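Trainee: Please walk me slowly through one sheet of this model and what surrounds it. I would rather have one part explained properly than a quick tour of the whole chain.

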Amino acid sequence: MSARTVTILGATGSVGRATLDLIERAPQGAFDVVALTANSQSADLAALAIRTKAQFCAVADPEAGPALEAALQGTSIRSAAGPDAVCEAARMSADWVMAAIVGAAGLPPTLEAVRRGAAVAFANKEALVCAGDLFMTAAREAGARLLPVDSEHNAIFQAFDEKQRAGIRQIILTASGGPFRHWTLEQMGQASPAQAVAHPTWTMGAKISVDSATMMNKGLEIIEACHLFGLPQTDVDVLVHPESIVHGLVEYADGGMLAQLGMPDMRTPIAHALAWPDRLETPVERLDLAKLSQLTFEAPDPVRFPALGLARAAFDAGRGAPAIFNAANEVAVAAFLNGQIGFLDIAACVSDSLERGEADGVASVQPSDFEAVLDVDRQGRRLAMDAVKQRTR
(Lines give C-alpha, C1' and ligand atoms only; values in the text may rest on other atoms or scores of the structure.)
Protein backbone atom coordinates (compact mmCIF):
# COMPACT_ATOMS: atom_id res chain seq x y z
CA MET A 1 0.00 0.00 0.00
CA SER A 2 1.36 3.41 -1.00
CA ALA A 3 1.75 6.07 1.71
CA ARG A 4 -1.12 8.49 2.07
CA THR A 5 -1.96 11.69 3.90
CA VAL A 6 -5.09 11.74 6.05
CA THR A 7 -7.44 14.17 7.79
CA ILE A 8 -9.93 13.10 10.45
CA LEU A 9 -13.06 15.19 11.01
CA GLY A 10 -14.36 14.18 14.42
CA ALA A 11 -11.10 12.79 15.77
CA THR A 12 -12.18 12.54 19.41
CA GLY A 13 -15.28 10.43 18.73
CA SER A 14 -15.38 6.63 18.69
CA VAL A 15 -14.86 6.37 14.91
CA GLY A 16 -12.11 8.99 14.92
CA ARG A 17 -10.24 7.27 17.75
CA ALA A 18 -10.59 3.87 16.07
CA THR A 19 -9.14 5.37 12.88
CA LEU A 20 -6.19 6.81 14.78
CA ASP A 21 -5.65 3.45 16.50
CA LEU A 22 -5.28 1.79 13.10
CA ILE A 23 -3.00 4.55 11.80
CA GLU A 24 -0.71 4.28 14.81
CA ARG A 25 -0.53 0.49 14.45
CA ALA A 26 0.31 0.68 10.73
CA PRO A 27 3.91 0.41 9.46
CA GLN A 28 5.91 3.59 9.96
CA GLY A 29 5.43 6.02 7.10
CA ALA A 30 2.19 4.45 5.86
CA PHE A 31 0.10 7.43 6.97
CA ASP A 32 0.83 11.09 7.59
CA VAL A 33 -1.81 13.02 9.58
CA VAL A 34 -2.57 16.43 8.08
CA ALA A 35 -5.46 17.72 10.20
CA LEU A 36 -7.71 16.71 13.10
CA THR A 37 -10.96 18.27 14.31
CA ALA A 38 -13.32 17.95 17.26
CA ASN A 39 -16.41 19.67 18.56
CA SER A 40 -15.17 21.15 21.83
CA GLN A 41 -12.74 18.67 23.42
CA SER A 42 -9.67 20.93 23.28
CA ALA A 43 -7.42 18.95 25.63
CA ASP A 44 -8.13 15.60 23.96
CA LEU A 45 -7.72 17.06 20.48
CA ALA A 46 -4.42 18.74 21.35
CA ALA A 47 -3.07 15.50 22.81
CA LEU A 48 -4.02 13.59 19.67
CA ALA A 49 -2.52 16.27 17.42
CA ILE A 50 0.77 16.24 19.32
CA ARG A 51 0.91 12.45 19.35
CA THR A 52 0.26 12.14 15.60
CA LYS A 53 2.31 15.22 14.63
CA ALA A 54 -0.66 16.77 12.83
CA GLN A 55 -0.15 20.02 10.95
CA PHE A 56 -3.45 21.63 11.93
CA CYS A 57 -6.35 21.06 14.32
CA ALA A 58 -9.66 22.82 14.85
CA VAL A 59 -12.58 22.81 17.26
CA ALA A 60 -16.08 23.65 16.06
CA ASP A 61 -16.96 25.45 19.30
CA PRO A 62 -15.44 28.98 19.18
CA GLU A 63 -15.33 29.13 22.98
CA ALA A 64 -13.00 26.12 23.04
CA GLY A 65 -10.46 27.86 20.81
CA PRO A 66 -8.35 29.57 23.50
CA ALA A 67 -7.96 26.31 25.44
CA LEU A 68 -6.85 24.51 22.28
CA GLU A 69 -4.32 27.22 21.46
CA ALA A 70 -2.96 27.11 25.02
CA ALA A 71 -2.65 23.30 24.93
CA LEU A 72 -0.58 23.53 21.73
CA GLN A 73 1.84 26.20 22.95
CA GLY A 74 5.42 25.25 22.23
CA THR A 75 4.49 23.13 19.20
CA SER A 76 4.38 23.99 15.51
CA ILE A 77 0.79 22.79 15.17
CA ARG A 78 -1.60 25.47 13.90
CA SER A 79 -5.06 25.71 15.45
CA ALA A 80 -8.33 27.52 14.89
CA ALA A 81 -11.89 27.48 16.17
CA GLY A 82 -15.41 27.71 14.76
CA PRO A 83 -17.34 25.90 12.00
CA ASP A 84 -15.27 27.63 9.30
CA ALA A 85 -12.09 26.28 10.90
CA VAL A 86 -13.42 22.73 10.64
CA CYS A 87 -14.15 23.36 6.96
CA GLU A 88 -10.60 24.69 6.58
CA ALA A 89 -9.31 21.37 7.90
CA ALA A 90 -11.42 19.54 5.30
CA ARG A 91 -10.01 21.72 2.53
CA MET A 92 -6.38 20.94 3.38
CA SER A 93 -4.51 18.74 0.94
CA ALA A 94 -4.99 15.21 2.25
CA ASP A 95 -5.40 12.13 0.08
CA TRP A 96 -8.01 10.61 2.39
CA VAL A 97 -10.55 12.21 4.73
CA MET A 98 -12.52 10.50 7.49
CA ALA A 99 -15.87 12.30 7.89
CA ALA A 100 -17.01 11.23 11.36
CA ILE A 101 -18.81 14.30 12.68
CA VAL A 102 -22.20 13.27 14.05
CA GLY A 103 -25.35 14.95 12.74
CA ALA A 104 -26.11 17.61 10.17
CA ALA A 105 -23.13 19.63 11.46
CA GLY A 106 -20.92 17.22 9.52
CA LEU A 107 -22.43 18.15 6.15
CA PRO A 108 -20.46 21.36 5.35
CA PRO A 109 -16.95 20.01 6.10
CA THR A 110 -17.70 16.67 4.43
CA LEU A 111 -18.83 18.57 1.35
CA GLU A 112 -15.59 20.58 1.35
CA ALA A 113 -13.58 17.35 1.22
CA VAL A 114 -15.79 15.97 -1.55
CA ARG A 115 -15.53 19.11 -3.66
CA ARG A 116 -11.77 18.90 -3.85
CA GLY A 117 -11.98 15.31 -5.13
CA ALA A 118 -10.54 13.52 -2.10
CA ALA A 119 -11.20 9.94 -1.12
CA VAL A 120 -13.84 10.49 1.58
CA ALA A 121 -14.57 7.78 4.10
CA PHE A 122 -17.77 8.74 5.83
CA ALA A 123 -19.43 7.58 9.01
CA ASN A 124 -21.69 10.63 8.81
CA LYS A 125 -24.82 9.21 7.19
CA GLU A 126 -26.65 12.53 7.60
CA ALA A 127 -24.84 14.02 4.58
CA LEU A 128 -26.61 11.56 2.30
CA VAL A 129 -29.86 11.56 4.26
CA CYS A 130 -30.28 15.34 4.20
CA ALA A 131 -28.80 16.10 0.79
CA GLY A 132 -28.42 12.81 -1.04
CA ASP A 133 -28.96 13.95 -4.64
CA LEU A 134 -26.87 17.11 -4.24
CA PHE A 135 -24.13 15.23 -2.41
CA MET A 136 -23.85 12.43 -4.98
CA THR A 137 -23.83 14.97 -7.82
CA ALA A 138 -21.03 16.93 -6.14
CA ALA A 139 -19.00 13.73 -5.70
CA ARG A 140 -19.40 12.77 -9.36
CA GLU A 141 -18.49 16.24 -10.61
CA ALA A 142 -15.38 16.43 -8.41
CA GLY A 143 -14.28 12.85 -9.03
CA ALA A 144 -14.36 12.13 -5.29
CA ARG A 145 -14.37 8.53 -4.13
CA LEU A 146 -16.97 7.82 -1.44
CA LEU A 147 -16.01 5.01 0.92
CA PRO A 148 -18.75 4.01 3.39
CA VAL A 149 -17.60 3.26 6.92
CA ASP A 150 -20.89 2.24 8.54
CA SER A 151 -20.45 -1.51 8.93
CA GLU A 152 -23.61 -2.25 6.93
CA HIS A 153 -22.86 0.01 3.97
CA ASN A 154 -19.24 -1.03 3.95
CA ALA A 155 -20.41 -4.65 3.76
CA ILE A 156 -22.70 -3.86 0.82
CA PHE A 157 -19.89 -1.89 -0.83
CA GLN A 158 -17.70 -5.00 -0.72
CA ALA A 159 -20.40 -7.37 -2.02
CA PHE A 160 -22.05 -5.06 -4.60
CA ASP A 161 -20.75 -5.83 -8.10
CA GLU A 162 -21.30 -2.66 -10.14
CA LYS A 163 -20.69 -4.62 -13.35
CA GLN A 164 -23.64 -6.83 -12.46
CA ARG A 165 -25.98 -4.03 -11.36
CA ALA A 166 -28.79 -5.23 -13.64
CA GLY A 167 -28.63 -8.62 -11.95
CA ILE A 168 -28.97 -7.30 -8.38
CA ARG A 169 -32.39 -8.01 -6.87
CA GLN A 170 -32.01 -6.31 -3.51
CA ILE A 171 -29.61 -5.44 -0.72
CA ILE A 172 -30.15 -6.36 2.92
CA LEU A 173 -28.95 -4.30 5.87
CA THR A 174 -28.69 -6.12 9.18
CA ALA A 175 -29.61 -4.68 12.56
CA SER A 176 -28.70 -5.92 16.01
CA GLY A 177 -32.18 -5.14 17.32
CA GLY A 178 -30.70 -3.02 20.09
CA PRO A 179 -31.33 -3.42 23.82
CA PHE A 180 -35.12 -3.51 23.49
CA ARG A 181 -35.46 -6.28 20.90
CA HIS A 182 -37.70 -8.38 23.17
CA TRP A 183 -39.29 -5.56 25.17
CA THR A 184 -43.02 -4.85 24.99
CA LEU A 185 -44.33 -1.43 24.02
CA GLU A 186 -45.29 -0.86 27.65
CA GLN A 187 -41.76 -1.67 28.82
CA MET A 188 -40.23 0.52 26.11
CA GLY A 189 -42.42 3.40 27.23
CA GLN A 190 -40.68 3.24 30.64
CA ALA A 191 -37.14 2.86 29.28
CA SER A 192 -34.49 5.17 30.72
CA PRO A 193 -31.65 6.84 28.80
CA ALA A 194 -29.16 4.56 30.61
CA GLN A 195 -31.03 1.48 29.38
CA ALA A 196 -31.27 2.85 25.83
CA VAL A 197 -27.54 3.49 25.49
CA ALA A 198 -26.58 0.04 26.85
CA HIS A 199 -26.11 -1.55 23.44
CA PRO A 200 -25.75 -5.35 23.59
CA THR A 201 -23.13 -5.63 20.83
CA TRP A 202 -21.49 -2.38 19.80
CA THR A 203 -19.69 0.29 21.82
CA MET A 204 -20.92 3.63 20.49
CA GLY A 205 -21.75 7.18 21.52
CA ALA A 206 -25.03 8.04 23.25
CA LYS A 207 -26.86 9.44 20.22
CA ILE A 208 -26.16 6.56 17.87
CA SER A 209 -26.87 4.05 20.65
CA VAL A 210 -30.33 5.55 21.13
CA ASP A 211 -30.81 5.49 17.36
CA SER A 212 -30.02 1.79 17.44
CA ALA A 213 -32.54 1.23 20.25
CA THR A 214 -35.31 2.97 18.26
CA MET A 215 -34.03 1.49 14.96
CA MET A 216 -34.00 5.08 13.70
CA ASN A 217 -30.37 4.37 12.82
CA LYS A 218 -31.51 1.68 10.41
CA GLY A 219 -34.05 4.07 8.93
CA LEU A 220 -31.30 6.59 8.25
CA GLU A 221 -29.22 3.79 6.75
CA ILE A 222 -32.04 2.83 4.36
CA ILE A 223 -32.06 6.37 2.97
CA GLU A 224 -28.27 6.46 2.81
CA ALA A 225 -28.13 3.14 0.96
CA CYS A 226 -30.68 4.29 -1.61
CA HIS A 227 -28.48 7.23 -2.57
CA LEU A 228 -25.14 5.46 -2.28
CA PHE A 229 -26.14 2.45 -4.39
CA GLY A 230 -28.78 4.09 -6.58
CA LEU A 231 -31.71 1.93 -5.45
CA PRO A 232 -35.39 2.52 -4.62
CA GLN A 233 -36.22 1.93 -0.96
CA THR A 234 -38.27 -1.12 -1.97
CA ASP A 235 -34.97 -2.80 -2.93
CA VAL A 236 -33.40 -2.18 0.49
CA ASP A 237 -34.50 -4.70 3.10
CA VAL A 238 -33.68 -4.93 6.82
CA LEU A 239 -33.18 -8.04 8.92
CA VAL A 240 -32.59 -8.19 12.67
CA HIS A 241 -29.44 -10.20 13.31
CA PRO A 242 -28.56 -10.05 17.03
CA GLU A 243 -25.10 -11.62 16.70
CA SER A 244 -23.98 -8.71 14.44
CA ILE A 245 -21.67 -10.99 12.47
CA VAL A 246 -23.26 -10.66 9.01
CA HIS A 247 -23.17 -6.93 8.30
CA GLY A 248 -24.86 -6.82 4.91
CA LEU A 249 -25.97 -8.97 2.00
CA VAL A 250 -26.53 -8.49 -1.72
CA GLU A 251 -29.06 -10.76 -3.39
CA TYR A 252 -28.64 -11.41 -7.11
CA ALA A 253 -31.24 -12.38 -9.72
CA ASP A 254 -30.05 -15.99 -9.83
CA GLY A 255 -30.95 -16.44 -6.16
CA GLY A 256 -27.41 -16.26 -4.88
CA MET A 257 -26.41 -13.96 -2.01
CA LEU A 258 -23.05 -12.42 -1.21
CA ALA A 259 -22.48 -11.42 2.40
CA GLN A 260 -19.68 -9.75 4.35
CA LEU A 261 -19.00 -11.22 7.80
CA GLY A 262 -16.80 -10.08 10.64
CA MET A 263 -16.67 -9.48 14.36
CA PRO A 264 -18.61 -6.40 15.55
CA ASP A 265 -15.62 -4.07 15.64
CA MET A 266 -15.66 -0.77 13.76
CA ARG A 267 -11.96 -1.08 13.03
CA THR A 268 -12.75 -3.66 10.33
CA PRO A 269 -14.81 -1.38 8.03
CA ILE A 270 -12.58 1.59 8.90
CA ALA A 271 -9.49 -0.40 7.91
CA HIS A 272 -11.15 -1.40 4.63
CA ALA A 273 -11.81 2.26 3.80
CA LEU A 274 -8.44 3.46 5.11
CA ALA A 275 -6.44 1.07 2.93
CA TRP A 276 -8.82 0.83 -0.06
CA PRO A 277 -8.27 -0.64 -2.60
CA ASP A 278 -5.69 -2.58 -0.59
CA ARG A 279 -6.08 -4.33 2.77
CA LEU A 280 -4.66 -3.41 6.17
CA GLU A 281 -3.72 -5.69 9.05
CA THR A 282 -5.82 -5.04 12.16
CA PRO A 283 -5.86 -6.28 15.78
CA VAL A 284 -9.53 -7.23 15.45
CA GLU A 285 -10.52 -10.59 16.94
CA ARG A 286 -10.78 -13.22 14.21
CA LEU A 287 -14.15 -14.74 13.40
CA ASP A 288 -14.54 -18.36 14.53
CA LEU A 289 -17.68 -19.71 12.88
CA ALA A 290 -17.40 -23.09 14.56
CA LYS A 291 -17.36 -21.41 17.96
CA LEU A 292 -20.38 -19.28 17.07
CA SER A 293 -22.25 -22.41 15.88
CA GLN A 294 -25.32 -20.48 14.68
CA LEU A 295 -26.47 -17.17 13.24
CA THR A 296 -30.06 -15.99 13.65
CA PHE A 297 -32.23 -13.60 11.66
CA GLU A 298 -35.72 -12.20 12.09
CA ALA A 299 -37.91 -9.52 10.54
CA PRO A 300 -38.16 -6.22 12.45
CA ASP A 301 -41.45 -5.46 14.22
CA PRO A 302 -42.99 -2.39 12.51
CA VAL A 303 -45.31 -1.70 15.46
CA ARG A 304 -42.63 -1.50 18.17
CA PHE A 305 -40.11 0.07 15.78
CA PRO A 306 -42.01 2.52 13.54
CA ALA A 307 -38.82 4.38 12.58
CA LEU A 308 -38.27 2.13 9.56
CA GLY A 309 -41.66 3.01 8.08
CA LEU A 310 -41.11 6.71 8.76
CA ALA A 311 -37.75 6.58 6.96
CA ARG A 312 -39.20 4.84 3.92
CA ALA A 313 -42.05 7.35 3.73
CA ALA A 314 -39.62 10.28 4.06
CA PHE A 315 -37.43 8.93 1.26
CA ASP A 316 -40.40 8.37 -1.04
CA ALA A 317 -41.72 11.87 -0.30
CA GLY A 318 -38.30 13.30 -1.15
CA ARG A 319 -37.70 17.05 -1.31
CA GLY A 320 -37.30 18.36 2.25
CA ALA A 321 -38.79 15.35 4.05
CA PRO A 322 -35.54 13.38 4.63
CA ALA A 323 -33.84 16.47 6.13
CA ILE A 324 -36.82 17.00 8.44
CA PHE A 325 -36.72 13.30 9.39
CA ASN A 326 -33.07 13.58 10.39
CA ALA A 327 -33.37 16.96 12.15
CA ALA A 328 -36.42 15.88 14.15
CA ASN A 329 -34.68 12.72 15.28
CA GLU A 330 -31.62 14.64 16.50
CA VAL A 331 -33.82 17.01 18.50
CA ALA A 332 -35.97 14.21 19.92
CA VAL A 333 -32.99 12.05 20.93
CA ALA A 334 -31.38 15.00 22.72
CA ALA A 335 -34.66 15.64 24.55
CA PHE A 336 -34.89 11.98 25.58
CA LEU A 337 -31.31 11.92 26.85
CA ASN A 338 -32.06 15.08 28.85
CA GLY A 339 -35.10 13.44 30.44
CA GLN A 340 -37.64 15.72 28.77
CA ILE A 341 -39.55 13.03 26.86
CA GLY A 342 -40.01 9.28 26.97
CA PHE A 343 -38.40 6.71 24.71
CA LEU A 344 -41.50 6.11 22.56
CA ASP A 345 -41.90 9.87 22.16
CA ILE A 346 -38.82 9.93 19.91
CA ALA A 347 -40.55 8.29 16.94
CA ALA A 348 -43.78 10.18 17.73
CA CYS A 349 -41.94 13.52 17.57
CA VAL A 350 -40.37 12.58 14.24
CA SER A 351 -43.76 11.57 12.86
CA ASP A 352 -45.36 14.80 14.09
CA SER A 353 -42.55 16.86 12.58
CA LEU A 354 -42.96 15.22 9.19
CA GLU A 355 -46.72 15.84 9.29
CA ARG A 356 -46.24 19.47 10.33
CA GLY A 357 -43.58 19.93 7.67
CA GLU A 358 -45.98 18.67 5.03
CA ALA A 359 -48.80 20.88 6.32
CA ASP A 360 -46.78 24.13 6.35
CA GLY A 361 -44.91 23.45 3.11
CA VAL A 362 -41.40 22.89 4.52
CA ALA A 363 -41.37 19.24 3.42
CA SER A 364 -42.36 20.17 -0.14
CA VAL A 365 -39.34 22.44 -0.62
CA GLN A 366 -36.87 21.03 -3.16
CA PRO A 367 -33.45 22.21 -1.89
CA SER A 368 -31.55 23.61 -4.86
CA ASP A 369 -28.25 23.91 -3.01
CA PHE A 370 -26.66 23.02 0.29
CA GLU A 371 -27.64 26.29 1.95
CA ALA A 372 -31.25 25.41 1.21
CA VAL A 373 -30.71 21.99 2.79
CA LEU A 374 -29.40 23.62 5.96
CA ASP A 375 -32.41 25.94 5.97
CA VAL A 376 -34.78 22.95 5.82
CA ASP A 377 -32.74 21.38 8.61
CA ARG A 378 -33.22 24.49 10.77
CA GLN A 379 -36.94 24.51 10.11
CA GLY A 380 -37.15 20.80 10.83
CA ARG A 381 -35.54 21.42 14.22
CA ARG A 382 -38.09 24.13 14.94
CA LEU A 383 -40.92 21.74 14.14
CA ALA A 384 -39.35 19.06 16.31
CA MET A 385 -38.87 21.41 19.27
CA ASP A 386 -42.58 22.24 19.10
CA ALA A 387 -43.38 18.51 19.08
CA VAL A 388 -41.08 17.95 22.05
CA LYS A 389 -42.72 20.75 24.04
CA GLN A 390 -46.09 19.04 23.67
CA ARG A 391 -44.65 15.89 25.20
CA THR A 392 -42.34 17.34 27.83
CA ARG A 393 -42.78 15.56 31.11
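**A sheet and its surroundings**

Mentor: In strand β9, D237 is the bridge partner of I172. Keep in mind that this is a predicted model. I172 belongs to strand β8, residues 168–175, and this strand pairs with β9 in the parallel sense over 5 bridges. Helix α11, residues 216–229, packs on the sheet and touches both β8 and β9. The direction of α11 makes about 150° with that of β8.

Now take the sheet as a whole. It is open, has 4 strands in the order β9-β8-β10-β11, and its pairing is mixed. At the edges are β9 (236–240) and β11 (257–261), each of which pairs on one side only. Ignoring direction, neighbouring strands of this sheet are turned by 20° against each other on average.

Strand β10, residues 246–252, holds H247, which is worth a closer look. H247 counts as buried because its relative accessible area is 5%, and the cut-off for buried is under 20%. Two backbone oxygens are close to its side chain. A polar atom of the H247 side chain lies 2.8 Å from the backbone oxygen of G262, and the side chain reaches the backbone oxygen of I245 at 3.3 Å. Setting aside residues up to four places away in sequence, H247 touches S151, E152, A155, T174, W202, Q260, L261, G262, M263 and P264. Of these contacts, T174 falls within the residue range of β8, while Q260 and L261 fall within that of β11.

S151, E152 and A155 fall within the range of helix α7, residues 151–159, which also contains F157. F157 has 18% relative accessibility, so it counts as buried. Beyond four places in sequence, F157 touches R145, L146, L147, P148, F229, H272 and W276. F229 is in the range of α11, the helix that packs on our sheet. R145, L146, L147 and P148 make up the range of strand β7, residues 145–148.

That brings us to another set of strands. Strand β7 runs parallel to β6, and 4 bridges join them. R145 in β7 is the bridge partner of A119. Between these two strands the chain crosses from β6 through helix α6, residues 126–142, to β7, in a right-handed β-α-β crossover.

Strand β6, residues 119–122, has A119 and A121 pointing one way and V120 and F122 the other, and all are buried. In a regular strand, side chains alternate between the two faces of the sheet.

To finish, return to α11. Its range includes M216, G219, L220 and I223, which are among the contacts of F325 beyond four places in sequence. F325 and L36 have the most contacts inside the largest nonpolar core, a set of 133 residues. Helix α15, residues 321–337, gives the most to this core, with 10 residues.

Note on methods:
Residues are numbered from 1 along each chain as its sequence is written. This is a predicted model: local features need pLDDT of at least 70, side-chain atom pairs count only at pLDDT 80 or more; totals for chains, interfaces and linings use all residues. Side-chain values use heavy atoms; hydrogens and water are left out. Buried means under 20% relative accessible area, exposed over 50%, partly exposed in between (1.4 Å probe, protein chains only). Two strands pair if DSSP finds at least two bridges between them. A crossover is right-handed if, with the strands pointing away from the viewer, the path from the first strand over the helix to the second runs clockwise. A nonpolar core is a set of buried Ala, Val, Leu, Ile, Met, Phe, Trp, Tyr and Cys residues joined through side-chain atoms within 4.5 Å. Contact means heavy atoms within 4.5 Å. Axes are lines fitted to C-alpha atoms, for helices over the stretch in contact, and angles run from 0 to 180 degrees between N-to-C directions. A polar contact is a pair of N or O atoms within 3.5 Å; within protein, one must be able to donate a hydrogen and the other to accept it, and residues adjacent in sequence count only if both atoms are side-chain atoms.
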